Amino acid sequence: MALTDQELIAGFINIIGQEHVITNSSDLEPYLIDWRKRYRGQAIAALRPASTEEVSAIVKLCAANQIAMVPQGGNTGMCGGATPNPTGRQVVISLQRMNKIRELDASNQTITVEAGVILQALQEAATAANRYFPLSLGAEGSCCIGGNLSTNAGGTSVVRYGNTRELCLGLEVVMPNGDILNSLRSLRKDNTGYNLRDLFIGAEGSLGIITAAVMKLFPVPVAQWTALVAVPSAEAAVELLNRFQAGASAQLTGFEMMSDESLALLKHYYPALASPLAGPNAYEVLVEISDYESEEHATQLMESILSGALESGCATDAAIASSLAQARKFWDMREHVPLAQADDGPNIKHDVSLPTSAIPTFVATCNEMLRKKYPGIRIINYGHLGDGNLHYNVAGPSSAETESFFVNRSKEIQALVYKEVEKLNGSISAEHGVGQQKVDYLKGHRGEVALNVMQAIKRALDPHNLMNPGKVVSL
Ligand code: FAD
Ligand code: MLT
Ligand code: ZN
């Protein structure tokens, strides 16, 4: 016979101790709501295990009692993937106490970390060992590596180092029945059968709970140069990207774009982060070059590519950061755009990717269509142009109207934007995942066969649909 909630809680306390079984409603609240405050669920408890064995024991108890499980890291996800459902018997399993760095092998350029290690702590551990961990995103002070792996996070250095998937060599995973899958290998080559690791990366906790990972490290670049560049159009931004790709090749480590409306919003909420360039400019681009040769080489590269771009007209103005503080300010500008949006109120988010060559057409078509249909709207378009990834977000005409505009217009605007994405062979989720936000779009977007395969994998690994149900693929 299945246990009652009280009996279950006693079982969890037996595994991890009373103080790590959170049931008090005010302490539970932060685990039940997402960063954007768009989703809210409920749970019997939030559980905070400190070891793989504890996670495994919790999962076995849940599986035996048909309790759904929602893995959670830093809870900074954008699609409601870490938020429990509004109904159903479920627990949140927070990995935050699993925050040990198990091993750093500087010679093999690898680091083995538990899932709850905060991204910034991982970067700092690499730096302390004179190595570089390149994954970087605005939420790095609170997101965890387990969450980064589970969303296959992108961020600002994908153009050179790839998504989180490309940075991972091995995983340890607690399966939906509580078995521990140990694939914590630090090998760059391993063709022994199916690649199980990649199944869990980007699965958003729907196939198992990642408890540890082996991540790649890199040599520390000798020099990093950052510039802010004004460009007159999306076409010019793509031309500038092509110039940097050709001129800097693998030394191009960041290429981020912000539209005039993104910069205006930033200036309104964070005046200290207003752009130093004379404006308004259709777009401003943040470019970063990392060099393994010398400071002089990096400077020369940046200056020569920029002077060619200014001459050609694809750039109209540029400021090269003259100090680390100024480079940090340029990055702060970019990273504060989503924070300014959060201050402003809800916006209709589109995390899309497209062939970079198609971006000017996408932006022109969507801007024209949406502005005509919804006069006065604000289009906060920014993102990782180097990866063909735009955050094409739409907000109501004024801050006061954002909530009602969001509630009444989200569905129709998303449908219109996604239609243009489909026409251009793009993706409706470049880096944020599916979570609960995009479950209903998956079939139309990926096609019936792909969805069938995903459902078959889900059923095979999680036959009782207990691992983050309702997220990614619905059964
Ligand atoms: P959570 O939000 O806790 O969880 C995310 C998903 O992973 C959920 O489905 C959850 O169930 C699952 N999960 C978490 N941990 C585990 C685990 N150990 N095992 C199995 N499943 C697990 N994202 C980008 O890709 N690029 C960006 O540039 C970027 N910038 C951001 C900037 C800001 C200001 C914010 C708030 C968010 C940003 N994000 C970005 C989104 C978010 O930070 C990433 O998706 C991040 O990877 C989520 O990590 P997390 O630890 O917060 O995961
Ligand atoms: C970013 O690139 O800033 C993030 O993905 C966050 C967002 O899109 O809001
Ligand atoms: Zn992003």
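The protein chain is divided into domain 1 (5-94), domain 2 (101-219), domain 3 (221-339) and domain 4 (345-431). The structure is a predicted model, in which the protein chain averages a pLDDT of 97 and 100% of the residues score at least 70. The scores for the model are ipTM 0.99 and pTM 0.98.

An annotation is also available from a database record. In an unreviewed UniProt entry, residues 39-220 carry the annotation "domain: FAD-binding PCMH-type". In the model, helix makes up 21% of this span and strand 25%. The C-alpha atoms at the two ends of residues 39-220 are 40 Å apart.

The loop between strand S3 (68-72) and strand S4 (90-94) contains Asn75. The backbone of Asn75 has a positive phi of about 60°, although Asn75 is not a glycine. For comparison, most residues other than glycine have a negative phi.

Two sheets are described in turn. Strands of a sheet pair through backbone hydrogen bonds, and the pairing may be either parallel or antiparallel. One open sheet consists of five strands in the order S5-S6-S10-S8-S9, and its pairing is antiparallel. S5 and strand S9 (180-183) occupy the edges with a single partner strand each, so one side of each has no neighbour in the sheet. From one strand to the next, the twist averages 10°.

At one end of this order, strand S5 (residues 101-105) is joined to strand S6 (residues 110-114) by four bridges, and the two strands run antiparallel. Within this pair, Ile101 is found opposite Val113 in S6. S5 and S6 form a hairpin, with four residues between the strands. Gln109, which lies in the turn, has a positive phi of about 55°. Helix H4 (residues 119-128) lies across S5 and S6, and its direction makes an angle of about 145° with S6. Elsewhere in the five-stranded sheet, strand S8 (residues 168-174) pairs with S9 through four bridges, again in the antiparallel sense. Here Val174 faces Ile180 in S9 as its opposite residue.

The other open sheet has seven strands, arranged in the order S15-S12-S14-S13-S17-S18-S16 with antiparallel pairing. Strand S15 (317-320) and strand S16 (351-353) are the edge strands, each of which pairs on one side only. On average, neighbouring strands of this sheet are turned by 20° against each other, direction ignored.

Within the seven-stranded sheet, nine bridges connect strand S12 (residues 223-231) with strand S14 (residues 283-291), and these strands run antiparallel. Thr226 has Glu288 of S14 opposite to it. Helix H10 (residues 295-312) lies across S12, S14 and S15, and runs at about 10° to S12. In the loop between H9 and S14 lies Pro280. The peptide bond that joins Gly279 and Pro280 is cis, with omega at about 0°. By contrast, most peptide bonds are trans.

The relation between domain 3 and domain 4 was also examined. The C-alpha centres of these two domains are separated by 23 Å. Their contact involves 17 residues from domain 3 and 14 residues from domain 4. On the side of domain 3 that touches domain 4, the elements giving two or more residues are helix H8 (234-248), strand S13 (252-259) and helix H9 (260-269). Of these, S13 gives the most, with seven residues. By residue type, this side of domain 3 comprises 11 nonpolar, three polar and three charged residues. S13 therefore appears in two descriptions: as a strand between S14 and S17 in the order of the seven-stranded sheet, and as an element of the side of domain 3 that touches domain 4.

Conventions: Residues numbered from 1 in each chain as written. Chains lettered and ligands numbered in written order. Predicted model: local features only at pLDDT ≥ 70, side-chain atom pairs only at ≥ 80, totals over all residues. pLDDT = per-residue confidence, 0-100. Pairing = 2+ DSSP bridges. Axes fitted to C-alpha atoms, helices over the stretch in contact; angles between N-to-C directions. Contact = placed C-beta atoms within 7 Å. UniProt positions renumbered as here; feature names shortened; annotations may be inferred. Domains from an automatic or database assignment. Nonpolar A, V, L, I, M, F, W, Y, C, P; charged D, E, K, R; others polar.
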